[in-house]
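Here's a guided walk through a structure, starting at its ligand and then moving out to the helices and a couple of backbone oddities. Have the 3D view open and follow along.

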Amino acid sequence: MPMTSLQSLDLKEKRVLVRVDFNVPLDKSGNITDDTRIRQALPTIKYLIKQGAKVILMSHLGRPKGSKDESSSLSPCADRLGELLERDVKLAPDCIGKATQTLVMAMEPGDVVLLENLRFHKEEESPDDEFASQLAELGEIYVNDAFATAHRKHTSTYLLPSLFQDKAAGGFLMEKEINHLTPLVLQPKRPFYAILGGAKIESKLGVLNALLSKVDGLFIGGGMAFTFIKASGIPIGNSLCDDHLLDEARRIMQTCEEKAIKLWLPKDIMIGRGFTDEAEFKTVPTKDGLPDGWQGMDIGEETVKEWSEALKSAATVFWNGPMGIFEFEEFAKGTQGIAETLSGLDADTIVGGGDSVAAVNQLELSKNFTHISTGGGAALEFIEHGHLPGIDILS
Ligand code: AMP
């Protein structure tokens, strides 16, 4: 059954409880450094205002671990949203409780209230019926526009919508994410290539295995690549490696061979002596192996060239995870090179995951991509399973 859509509901003068994802990055002074997630929620919020709804927004921010923590207050988000909407956005003192209820019950159609951080209550992450029913009292309709949190069975994303039955819908951002990611699961335009990077191979094994039945080619860079390189019998020095996954890596390489999926591992590697941006560094061919005391920091220039050439034939590309330790300028070149290549392709290009999205944004290339997903883990799990609990519950 498809997800209930926002347009199918009568929203006029209704109190609409909207789960958004305003988990934005903040600097040390509490200033928002990237407001993409707030901007992405604007179409739903503006639509609700236009329909004359009373808009009650709820989100988490950071990891306050179940108690009030000023540094995780949603106050900067309320201010930023107010600027973007050019209207007053009130921040409630909490997400439940008497004072919040009084504020919500006094709302007029078109008003916008942002509830304080859901994660100030431990019951958000450990689903709790009582917490869900207190939140439910605030709204007559529930909308979920927080795709990036839809893979989690938390109170606000999973328990709460079940209390609204047919009055629970998906927002426009949720719809957009599903529309762009579903073809990757069902009918990608071919050739379909996936590029995976980053550090956490274990958390990406699920999607890696799921992709083996979908892709025509797989490019593995970043820290993940070294488990595969070591599994091929090449010394990797001090590079990142999940030794307990070496057999799994061998199995994946074998499956690629059996299914004639072209597997691309870095041809050359930028290696450094020590984990700083001032460490001595050089580029070596992968086949020569890495000397002891050195570690792989980024894919090399030849790899970027080779992969860029191969990617030219793509009809669809999904990319998740940086190609190197891109936080250090010297080791960001591989990630930037891949971002530039993808931005110039005549193909459907979909990027998910904080770091790869940040690289695309830093280079101001986002307009050249078909879709920039707001969800890292959520996008990976959607591709792996074809659905997410926070979406299923809206059907
Ligand atoms: P993930 O959350 O798994 O996507 O990992 C992102 C992290 O991977 C970033 O912080 C990168 O610095 C890190 N990373 C990328 N390449 C490497 C590498 N060669 N060695 C260690 N860490 C890496």
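**Around the ligand, then outward**

Let's start with the ligand's surroundings: the residues of the shell around the ligand split into 6 nonpolar, 5 polar and 4 charged. Keep in mind as you look that this is a predicted model. The shell counts 15 residues, and the ones that come nearest to the ligand are Ala199, Lys200, Lys204, Gly296 and Glu327.

Now zoom in on the polar contacts. Ala199 uses its backbone here, with an N or O atom 2.9 Å from an oxygen atom of the ligand. Lys204 uses its side chain instead, and a polar atom there lies 2.9 Å from a ligand oxygen. Turn to a nitrogen atom of the ligand and you'll find a polar backbone atom of Gly223 at 3.1 Å. How much of the ligand does the protein bury? Taken alone, the ligand exposes 510 Å², and 85% of that is buried by the protein.

Next, the helices. Two packed helices are described by the angle between their axes and the distance between the axes, and three pairs are worth a look here. Lys204, which we just met at the ligand, falls within the residue range of helix H8 (residues 201–211). The axes of H8 and helix H10 (residues 246–258) come within 11 Å and cross at roughly 15°. An angle under 35 degrees counts as roughly parallel, so H8 and H10 are roughly parallel to each other. Their crossing is left-handed.

Further along the chain, helix H11 (residues 301–311) and helix H12 (residues 333–343) have axes that come within 10 Å, crossing at roughly 20°. H11 is therefore roughly parallel to H12 as well. The handedness of this crossing, though, is right-handed.

For the third pair, go back to helix H2 (residues 42–50) and H3, whose axes come within 12 Å and cross at roughly 65°. Angles of 65 to 115 degrees count as roughly perpendicular, so that's the label for H2 and H3. H2 passes H3 in a right-handed crossing.

Finally, the backbone oddities. Most residues other than glycine have a negative phi, and most peptide bonds are trans. So where are the exceptions to look at? Just past H3, Glu86 sits in the loop between helix H3 (75–85) and strand E3 (89–91). Glu86 isn't a glycine, yet its phi is positive, at about 55°. The other spot is a cis peptide bond joining Arg190 and Pro191, with omega about 0°. You'll find Pro191 in the loop between helix H7 (172–185) and strand E7 (192–196).

Conventions
Residues are numbered from 1 along each chain as its sequence is written. This is a predicted model: local features need pLDDT of at least 70, side-chain atom pairs count only at pLDDT 80 or more; totals for chains, interfaces and linings use all residues. Side-chain values use heavy atoms; hydrogens and water are left out. A residue is near a molecule or strand if one of its heavy atoms lies within 4 Å of it. A polar contact is a pair of N or O atoms within 3.5 Å; within protein, one must be able to donate a hydrogen and the other to accept it, and residues adjacent in sequence count only if both atoms are side-chain atoms. Accessible areas come from the Shrake-Rupley method with a 1.4 Å probe; for residues, only the protein chains shown count as cover. Ala, Val, Leu, Ile, Met, Phe, Trp, Tyr, Cys and Pro count as nonpolar, Asp, Glu, Lys and Arg as charged, and the others, Gly among them, as polar. Axes are lines fitted to C-alpha atoms, for helices over the stretch in contact, and angles run from 0 to 180 degrees between N-to-C directions. Helices (H or I, at least four residues) and strands (E, at least two) are DSSP runs, numbered from the N terminus. Angles under 35 degrees count as roughly parallel, over 145 as roughly antiparallel, 65 to 115 as roughly perpendicular and the rest as oblique. A crossing is left-handed if the near helix is turned anticlockwise from the far one by less than a right angle, and right-handed if clockwise.
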